[in-house]
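This report introduces a protein model to a reader who has not met it before. Please look over the sequence and the structure before reading on.

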Amino acid sequence: MMTMIYDIVMNKYNRKYSQSEKGKAARKRYAQSEKGRLNAVRCNKRQRQRARNIVLTHYGGNPPKCACCNEFHYEFLTIDHINGGGGKDRKARGDGTRFYQSLIKDGFPPGLRVLCYNCHLARGFSGYCPHQPRPG
Ligand SMILES: [Zn+2]
Ligand SMILES: [Zn+2]
């Protein structure tokens, strides 16, 4: 009971404090401090991973895996353009996180799938992946 009252009082105090000039200055100081900057980087990293995770899960299943060799380690997976044109599309959408965010914004356009970097690069270089029977 005592803790509850204490919490309410503290919340009220904190809200008032965080809206005051002194509170705003303290938040700014925190954001510019080493600890605050590190925290902001961590938050951004989480957001980036989230966008990537949503896209990989949409195209590669849950949990996502390579459409060619079933590689499932998250770190190895990437988005592949089934009919090519990946370089152009990535240029138009932006790199890294922006690419994934753009796909989400566009409602997951068709023609994409999840491949691991091995299969992705093999197809980029030679037009096929050694995991599959060679065409021709
Ligand atoms: Zn693969
Ligand atoms: Zn492969």
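What percentage of the 136 residues in the protein do buried residues make up? Buried residues account for 15% of them. The model is a predicted one, and its pLDDT averages 88, with 89% of the residues scoring at least 70. Confidence is lowest in helix H1 (residues 2–19), where the mean is 68, and highest in S2, at 97.

**Overall arrangement**

The protein contains six helices and two strands. Along the sequence these follow the pattern α-α-α-β-α-α-β-α. Among contacts with a separation of 6 or more, 66% are between residues 24 or more positions apart.

**The nonpolar core**

The largest nonpolar core has 14 residues, and Cys66, Val114, Leu115 and Cys119 touch the most other members. Two or more residues of this core come from each of the elements in the table below.

| Element | Residues |
|---|---|
| Helix H3 | 34–60 |
| Strand S1 | 77–81 |
| Helix H5 | 96–105 |
| Strand S2 | 112–116 |

Cys66 is in contact with Val114, Leu115 and Cys119, and also with Glu71, Leu77 and Cys116, when its neighbours within four places in sequence are left aside.

**Helix H3**

Helix H3 is made up of 27 residues. From its first C-alpha to its last it reaches 38 Å, close to the 39 Å expected at 1.5 Å a residue. Its buried residues are Arg52, Val55, Leu56 and Gly60, and the elements covering them include S1, H5 and S2. Just after H3 comes Gly61, which takes a positive phi of about 85°.

**Leu103 in helix H5**

Leu103 belongs to helix H5. Is this residue buried or exposed? Leu103 is buried, because 21 other C-beta atoms lie within 10 Å, and 20 or more are required for a residue to count as buried. Not counting residues up to four places away in sequence, Leu103 touches Val55, Phe108 and Pro109. Val55 is itself one of the buried residues of H3. Leu103 and Ala51 are 52 residues apart in sequence, while their C-alpha atoms are 9.3 Å apart in space.

**Helix H4**

Helix H4 (residues 86–93) has eight residues, and the number buried is zero, so this helix lies largely in the open. H4 is followed by Gly94, whose phi is positive, near 105°.

Conventions:
Residues numbered from 1 in each chain as written. Chains lettered and ligands numbered in written order. Predicted model: local features only at pLDDT ≥ 70, side-chain atom pairs only at ≥ 80, totals over all residues. Core = buried A, V, L, I, M, F, W, Y, C linked by C-beta atoms within 7 Å. Buried ≥ 20, exposed ≤ 12 C-beta atoms within 10 Å, placed from the backbone. Helix = DSSP H or I, 4+ residues; strand = E, 2+ residues; numbered from the N terminus. Contact = placed C-beta atoms within 7 Å. pLDDT = per-residue confidence, 0-100. Expected span 1.5 Å × (residues − 1).
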